[in-house]
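Today I open the model and look up its ligand site, its cavity and its pockets. I keep each entry short.

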Amino acid sequence: MAGRVEGKVAFITGAARGQGRSHAVRLAEEGADIIAVDICEQIESATYAMATEADLAETARLVEAQGRRVITRVADVRERSQLAAALEAGVAALGHLDIVVANAAICPIGPDVPAVGFFDSVSVDLVGVINTVEAAFKYLGSGASIICTGSMASMLTGLVDNPAAGPGAAGYGHAKRAVARFVHEAALQLAPLNVRVNAVHPGNIDTDMLQNEAMFKLFRPDLTNPTREDAQAAFGSSHRLPVTTISPRDISEAVLYLASDAARYVTGQQLKVDAGALLPSMTSGAPL
Ligand SMILES: NC(=O)c1ccc[n+]([C@@H]2O[C@H](COP(=O)([O-])OP(=O)(O)OC[C@H]3O[C@@H](n4cnc5c(N)ncnc54)[C@H](O)[C@@H]3O)[C@@H](O)[C@H]2O)c1
């Protein structure tokens, strides 16, 4: 039986680990070839380690294990020339481009993050998304699908807008809210070309962005040195469904749907995979 994205090619940023890797593998399982990029280098204000080249190679191995082709490149989403070079190499090798998953982001957390952390978050999480979509645009034809990763946390009060979360988190919140608007406006502009643009907004996901000491401290301010175990229950406190952390695979299922022709008339959506976290804040009829 043909896969749900059989024969398509997907460009995924932040693909070395976490959700990006999961999206690469899930799309490959359903028949897509993958162009996978990641910075594979530390960003100074980030309060946890970025992925490595070994991580990116492991993503490639997992995609190839599905019998699909993969092109990897080290590229920083803040650098348009690096994205352009990765896309040029990927499309030359794989023939075309059908799916864009603008997933890369950072979330520097805590009051000790310097003010530049605000700009770092905005540059990676907002400008990086726009760079990704713009660099890919010239390769996209009728039927293409763009998926941008937003965040539940940016739409809830008391999380990334909490002063204790610091300027990096404030930048993250600003960037992700702006990504939601960008998706809405881009969907409207690209609809006549039959190119779809949607957002996925994850809840708290079991990846390195969440599972790190700075995040444990934010979620357990009552403890001096909270551990992963200490933070685990708190990670689920916003979720309304009974789950503490959501797996990357659950987000990949949403990405797969939006990437596939099953969603061919779905555009401009803000698809929340957040275990119902945003439901209470939307009871007043807020637009998102
Ligand atoms: N983990 C969560 O709880 C959570 C919640 C909501 C939204 N998200 C979003 O999900 C997406 C994936 O994050 P994740 O949870 O897999 O975290 P992650 O930190 O495991 O993965 C992010 C990846 O992006 C890469 N990256 C960072 N800056 C980059 C840059 N400038 N250029 C290229 N690559 C870069 C990192 O090296 C890493 O591999 C992000 O957009 C994130 O904001 C995560």
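My entries below go from the ligand outward to the pockets.

**Entry 1: the model.** I note at the start that this is a predicted model.

**Entry 2: around the ligand.** Which residues come nearest to the ligand? I looked them up and found Asp-38, Asn-103, Tyr-172, Lys-176 and Thr-207. They belong to a set of 31 residues around the ligand. I then sorted that shell by class. It has 16 nonpolar, ten polar and five charged residues. Next I checked the helices. Helix H1, which covers 18–29, supplies at least two residues of the shell. Helix H5, at 166–190, also supplies at least two.

**Entry 3: backbone contacts.** I turned to the backbone atoms that meet the ligand. A polar backbone atom of Gln-19 is 2.8 Å from an oxygen atom of the ligand. For Ile-205, I found a backbone N or O atom 2.8 Å from a ligand oxygen atom. At Ile-39 the partner is a nitrogen atom of the ligand, and the distance to a backbone N or O atom is 3.1 Å. How much of the ligand does the protein bury? Taken alone, the ligand exposes 830 Å². The protein buries 98% of that area.

**Entry 4: the cavity.** Where does the ligand sit? The space it takes is the largest cavity. I counted cavities of 30 Å³ or more, and the structure holds one. About 660 Å³ of space lies in the largest cavity. Its lining is made of 42 residues. Closest to the centre are Gln-19, Tyr-48, Ala-105, Thr-207 and Met-209. I also asked which elements give two or more residues to this lining. They are H1, strand E2 (33–38), H5 and helix H6 (213–219). By class, the lining divides into 25 nonpolar, twelve polar and five charged residues. Two names come back here from earlier entries. Gln-19 has the backbone contact to a ligand oxygen, and Thr-207 is among the residues that come nearest to the ligand.

**Entry 5: the largest pocket.** I moved on to the pockets. The largest pocket has a volume of about 230 Å³. Its lining includes Ile-109, Gly-110, Pro-111, Asp-112 and Val-113. Lys-217, Leu-218 and Pro-221 also line this pocket. By class, I noted seven nonpolar, three polar and two charged residues.

**Entry 6: the second largest pocket.** The volume here is about 180 Å³. How many residues line this pocket? I found 14. Nearest the centre of the second largest pocket lie Leu-156, Thr-157, Gly-158, Leu-159 and Ser-238. Its lining has seven nonpolar, six polar and one charged residues.

Conventions:
Residues numbered from 1 in each chain as written. Predicted model: local features only at pLDDT ≥ 70, side-chain atom pairs only at ≥ 80, totals over all residues. Heavy atoms only, no water. Near = heavy atom within 4 Å. Polar contact = N/O pair within 3.5 Å; in protein donor to acceptor, adjacent residues only side chain to side chain. Areas by Shrake-Rupley, 256 points an atom, 1.4 Å probe, with all protein chains shown as cover. 1 Å grid on protein atoms, 1.4 Å probe; cavity = no way out; pocket = protein on both sides within 12 Å on 5 of 7 lines; lining within 4 Å. Sits in = over half its atoms within 2 Å of the grid points. Helix = DSSP H or I, 4+ residues; strand = E, 2+ residues; numbered from the N terminus. Nonpolar A, V, L, I, M, F, W, Y, C, P; charged D, E, K, R; others polar. Points joined across faces, edges and corners; volume = space filled by probe spheres on them.
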